[in-house]
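Reader: I would like to learn how to read a few features of a protein model. Please take them one at a time.

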Amino acid sequence: MAETDPEKKMDVVEVPSDSAYKPNAIANPADYMRSVAVVGVFELWSYYLFYNGNNGGGPNSGFAGLVDKMANMHAATNFIEYNATLPADKAFGADATCGPSTRTCMVGYGSSQMPLVSFILLRTGLAQLVVAFVLISLGGLGDYKLYGRTFLFWSTFISIALHFAFAFVDVEKGSWILSTVLLFFTLLTYNMSLSFFFGAFPRLAKHMPSVYQKIDEGATVKEVDDEIALQRSRISMISTYWSNIGWAVPLLIYLGIIFMLNPDPDAGQTYWTYNASAILFGAYWLIFAVPYFMLDKKRPGPEIPAGVNIYTEGLRQAGEALKLSKKLPQVWWYFIGFFLYCDGVNSCGTLLGNLQGQYISYNVLNSNLFSLAQAGSSMLGCLIFWAIQKQFKLPTKTMLQASVVTTILMYSWAIVGLFSKTLGYRSKAEFWFFNIGAGLFYAPFWALQNTYLTDLIPAKKSYLFFGLFGIMSKCSAFVGPLVNFLITAVAGGSADYIAFIPCTIISIVGFFMIQYSDPVKGRADVVKFEEEEREREAAALAN
């Protein structure tokens with residue numbers, strides 16, 4: 001890519017000269033909404049720290065272990081009953097437990113049982129399917145008035161309240177089914193909060209002080225757009241970095257709680273240790289959520305047009321976004337590729353989490369140490385990727401695909417476990433490798449994917465596209481889990497490993513579709529679309 005300024009190569013795309021884009025023209029303040037309040041230092045840091053609190057460490061790994069522990073305890077009971085029916089020469093030892101080395105852990109009752117890994121995949125898939133439906137219905141409303149901020153507010157505080165509800169779950173005597181339902185709604189509200197949070201950062205980037213300074217100095221359109229792109233990348237990467245800090249800090253505090261509640265945490269733990277994790281992550285999020293809503297400067301979108309039904313507007317806009325596939329084809333190549341990649345990788349993550357939990361017998365100390373390793377390497381990974389991108393002026397897509405390739409290679413190692421009894425995530429050393437690798441290579445992806453999307457979408461449709469994007473990200477990976485649920489349900493003894501094959505294939509297909517998307521063509525499409533929208537609005541006013 002040809003660049004005019006070596007200091008601004010990152011995230012800059014070149015647009016064909018025959019488009020409506022006039023890069024050398026003086027930027028018009030009205031086009032960039034210069035009159036809107038500038039982003040203040042405290043407001044910006046409240047945004048970073050909101051993600052520090054909303055780190056997902058609780059429902060995705062922390063107290064989610066409580067639910068998996070309860071399901072595993074139920075599966076252990078089923079295994080004992082199954083073992084008692086076997087002939088003496090085929091029965092397992094009295095101290096044997098279900099797992100890859102004996103019999104796949106099964107949950108359910110009587111003849112209606114399924115592998116534990118299938119149940120976890122089904123639970124994940126159904127939860128994300130509901131998230132997808134909710135975001136399609138409500139996501140588009142985020143572009144109007146203050147709906148995006150309102151949805152973020154309610155989804156945040158409902159999710160925090162559900163975190164605290166886990167304090168009352170009895171791990172030993174409670175219902176594993178009811179705890180699963182509670183986790184379902186916690187994940188639903190958490191993922192909604194995350195999606196509307198992501199929808200806010202493109203607007204912040206557009207109103208940063210450095211952007212306004214460029215406009216006031218009479219900079220060209222290209223110079224202002226380059227600065228906005230730089231700020232988008234900066235805000236996304238820094239907020240992701242703080243999210244990883246927010247994951248690590250509660251884990252460090254939790255480490256102290258583990259030793260406080262358990263005299264010998266290597267041998268086992270009191271059941272209430274799981275509940276303490278939910279209280280800790282809920283309180284941590286609450287502390288950092290409140291300042292954001294106090295300091296956020298309300299920047300409302302346009303009014304809802306006359307005749308629009310707010311309860312179906314999200315669905316209408318989803319249909320509108322689909323129609324835009326002809327005008328904005330690059331974003332849809334990215335969307336579909338991203339959807340497939342995340343479906344495969346998220347399913348792999350669920351499968352590996354199940355294997356890891358069974359390997360360490362859901363020991364909270366070992367689980368916490370693994371999570372700490374992943375959190376620490378996540379921070380390091382974000383810094384490394386950002387430093388490489390800044391040093392070599394690499395475009396966002398290059399860094400994004402580097403993360404994709406290394407992550408696929410890391411997860412696909414589990415396929416070896418289908419053919420080996422000692423390799424393929426069958427040892428503690430391999431689980432250390434997985435957790436450290438996931439941080440180094442996968443964590444930067446979540447900052448880069450947001451930045452790359454903003455290169456392909458119109459700014460005025462950010463909430464709509466980020467809402468749809470949320471459906472295709474980690475908060476709505478339902479196709480992969482549901483497909484692999486069917487595969488593992490009939491796989492018998494190999495259920496714990498066989499699903500890694502389709503997951504890897506899906507991820508690789510997603511990689512090639514992302515690679516096909518072109519940010520140069522995407523920027524030209526956006527400029528042409530925005531020009532047509534301005535002409536349409538002008539014609540409407542004239543009439």
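**Cysteines, a hairpin and confidence**

Author: Start with a pair of cysteines that is not bonded: the sulfur of cysteine 348 has its closest cysteine sulfur in cysteine 503, 4.3 Å away, which is too far for a bond. Bear in mind that this is a predicted model.

Reader: Why is there no bond between cysteine 503 and cysteine 348?

Author: A disulfide is a covalent bond between the sulfur atoms of two cysteines. The cut-off used here is 2.5 Å between the sulfur atoms. Cysteine 503 has no disulfide to cysteine 348 because their sulfurs are 4.3 Å apart, too far for a bond.

Reader: Is cysteine 348 buried or exposed? And is cysteine 503 buried or exposed?

Author: Cysteine 348 is buried, at 2% relative accessibility. Cysteine 503 is buried as well, at 0%.

Reader: How many disulfides does a search of the whole structure find?

Author: The search finds one. Its partners are cysteine 98 and cysteine 105, with an S to S distance of 2.1 Å. The link between cysteine 98 and cysteine 105 is right-handed, with 90 degrees about the S-S bond. Cysteine 98 is buried, with a relative accessible area of 12%, and cysteine 105 is buried with 1%.

Reader: In what sense do strand 1 and strand 2 pair?

Author: To read a strand pair, look at its direction, its bridges and its turn. Strand 1 (residues 106-109) pairs with strand 2 (residues 112-115) in the antiparallel sense, over four bridges. Within this pair, valine 107 stands opposite methionine 114 of strand 2. The two strands make a hairpin with two residues between them. In that turn, glycine 110 has a positive phi of about 60 degrees.

Reader: Which residues does serine 239 touch?

Author: Find its element, then its burial, then its contacts. Serine 239 belongs to helix 9 (residues 221-261) and is buried, with a relative accessible area of 4%. Leaving out residues up to four places away in sequence, serine 239 touches Tyr47, Tyr48 and Tyr51.

Reader: What pLDDT does the protein chain average?

Author: Where pLDDT is low, the predicted coordinates should not be read in detail. The protein chain averages 83, and 89% of the residues score at least 70. Among its elements, helix 14 (residues 396-412) has the highest mean pLDDT, 95, and helix 17 (residues 462-471) the lowest, 68. Over residues 1-19 the pLDDT is below 50, although this stretch has 37 contacts in the model beyond near neighbours in sequence.

Methods. Residues numbered from 1 in each chain as written. Predicted model: local features only at pLDDT ≥ 70, side-chain atom pairs only at ≥ 80, totals over all residues. Heavy atoms only, no water. Buried < 20%, exposed > 50% of the residue type's maximum accessible area, 1.4 Å probe, protein only. Contact = heavy atoms within 4.5 Å. pLDDT = per-residue confidence, 0-100. Pairing = 2+ DSSP bridges.
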